[in-house]
Amino acid sequence: MDFIGKNLLNKVSGLLDIPTSGAFNIRANGESAARSTSENIDIVSKTDKPGINIIIKPGTKGESVHIPVIVSESGLKDTVYNDFYIGENCDVTIVAGCGIHNCGSEDSAHDGVHRFFVGKHAKVRYIEKHYGEGEGRGKRLMNPESEVTLDEGAEMDMETTQISGIDDTYRKTTAKLAAHAVLTIHEKVMTTGEQHADAYFSADLNGEDCRCNIVSRTVAKDNSVQNFTSVLNGNAACTGHTECDSIIMDHARVLASPQLCATCIDASLIHEAAIGKIAGEQLIKLMTLGLTEKEAEEQIVNGFLK
């Protein structure tokens, strides 16, 4: 793997190079570049379309699987379909993400469709990072889609991050929760220039005492545009909460659209949204410590997105 590939791999997955052990699948420019399985985690190529099945045995604990995608060819449009089958009573981490390096004149794109089937009382931590770079005129496009099915007592914690370099993205996440299931989503996004980012979250809270918490923190700079839509359907005695906090700068545009629907009198659903500029007193305080206005803004934004 060349320097560009290794840099993208590190940005989206934390790996410095192709691992020598553990379970992983690295996809580069539309092809499988490296793969390894473990005793408890199997990875199998699909036969009907591009993508893989990741099968984690029941009772697997303390293990992780990495499935990063890197694109460094201008004009490449890559689509994959990955299904995750997590057995009962697991406690595992899944690290995904995509990095695009585009120095050409044609658009480069990656669309990833992920389906998660999480067994009873299993726990999953899912980490997904998106990153783009390159000085070409071609755009860097990403459209991730996640479908989550949580069985009774299952828990999933999703951390999604898009901080730099993606020109246009549409993130769609849908979920179905059974009794006592818990879904937590933390999203962090920063857009600059003429970038456009859409996020759509929808969760069906179908089981007794299930819970869903969606928190989105975003920063919109320059002329960029962000749209955030969340839909919570409370179909049982459940708890649902969505929160969208955005910092808007320059000539950017941010739209937050919540929708709450309860079909059970014991459903408790809450939405919070806040959009605003950086407070002047915060800038002044940091500038009195010796920072320039630009440096102070960067410190505030970095702290906000942590």
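This report describes the packing, strand pairing and charged contacts of the structure shown above. The model is a predicted one.

**Nonpolar cores**

In soluble globular proteins, nonpolar side chains tend to be buried together. Here, the largest nonpolar core comprises 42 residues, and I86, V118, L150, M156 and L183 have the most contacts inside it. The strand that gives the most to this core is β17 (residues 196-205), with 4 residues. A second, separate core has 11 residues, including V219, I247, M249 and I300. Once neighbours within four places in sequence are left aside, V118 is in contact with I86, V124, T149, L150, D151, A154 and M156.

**Strand pairing**

Strand β20 (residues 239-248) has 8 of its 10 residues buried and is therefore largely enclosed by the rest of the structure. Strand β18 (residues 211-220) pairs with β20 in the parallel sense over 10 bridges, and R217 stands opposite D245 of β20. Strand β22 (residues 268-276) also pairs with β20 in the parallel sense, over 9 bridges; there H241 has I270 in β22 as its bridge partner.

A further set of pairings involves β5, β8 and β11. Strands β5 and β8 run parallel and are joined by 5 bridges, with K61 partnered by D91 in β8. Strand β8 in turn pairs with β11 in the parallel sense over 5 bridges, and the partner of D91 in β11 is K123.

**Helix α1 and two residues with positive phi**

Helix α1 (residues 3-13) has G5, L8, L9, V12 and S13 buried. Seen down the axis of α1, these buried residues fall within an arc of 100°, so they line one face of the helix. They pack against β1 (23-28), β5 (61-66), β6 (69-71), β8 (91-95), β9 (98-101) and β11 (123-133). The helix is followed by G14, which has a positive phi near 80°.

Most residues other than glycine have a negative phi, and most peptide bonds are trans. N29, which is not a glycine, has a positive phi near 50°. N29 lies in the loop between β1 and β2 (31-36) and is partly exposed, at 21% relative accessibility. D250, likewise not a glycine, has a positive phi of about 55°. D250 is placed in the loop between β20 and β21 (253-262) and is exposed, with a relative accessible area of 54%.

**A buried arginine**

R171 belongs to strand β15 (residues 168-177) and is buried, with a relative accessible area of 5%. Its C-alpha atom is separated by 5.9 Å from that of E145, although the two residues are 26 apart along the chain. Beyond residues up to four places away in sequence, R171 touches E128, H130, P144, T160, Q162, E187, D198, A199, Y200 and F201.

**Salt bridges**

Side chains of opposite charge can pair when their charged atoms come close. The whole structure contains 9 salt bridges, among them the three tabulated here.

| Salt bridge | Closest N to O distance |
|---|---|
| D78 and R27 | 2.9 Å |
| D83 and R115 | 2.8 Å |
| R140 and D167 | 3.8 Å |

The first pair links distant parts of the chain, with D78 in strand β7 (residues 77-86) and R27 in strand β1, 51 residues apart. D78 is buried at a relative accessible area of 6%, and R27 is buried at 13%. The second pair connects D83 in strand β7 with R115 in strand β10 (residues 108-118), 32 residues apart. D83 is buried, at 4% relative accessibility, whereas R115 is partly exposed, at 32%. D83 and R115 are also linked with K46 in a network of salt bridges.

In the third pair, R140 lies in strand β12 (residues 140-142) and D167 in the loop between β14 (155-164) and β15, so the pair ties together parts that are 27 residues apart in sequence. R140 is buried at 10% relative accessibility, and D167 is buried with a relative accessible area of 18%.

**Cysteines**

A disulfide is a covalent bond between the sulfur atoms of two cysteines. The count of disulfides in this model is 0. The cysteine sulfur closest to that of C212 is in C210, 8.3 Å away, which is too far for a bond. C212 is buried, with a relative accessible area of 3%; C90 is also buried, at 1% relative accessibility.

Conventions. Residues are numbered from 1 along each chain as its sequence is written. This is a predicted model: local features need pLDDT of at least 70, side-chain atom pairs count only at pLDDT 80 or more; totals for chains, interfaces and linings use all residues. Side-chain values use heavy atoms; hydrogens and water are left out. A nonpolar core is a set of buried Ala, Val, Leu, Ile, Met, Phe, Trp, Tyr and Cys residues joined through side-chain atoms within 4.5 Å. Buried means under 20% relative accessible area, exposed over 50%, partly exposed in between (1.4 Å probe, protein chains only). Contact means heavy atoms within 4.5 Å. Two strands pair if DSSP finds at least two bridges between them. The arc is that of the directions from the helix axis to the C-beta atoms. A disulfide is a pair of cysteine sulfur atoms within 2.5 Å. A salt bridge is a side-chain nitrogen of Lys or Arg within 4 Å of a carboxyl oxygen of Asp or Glu.
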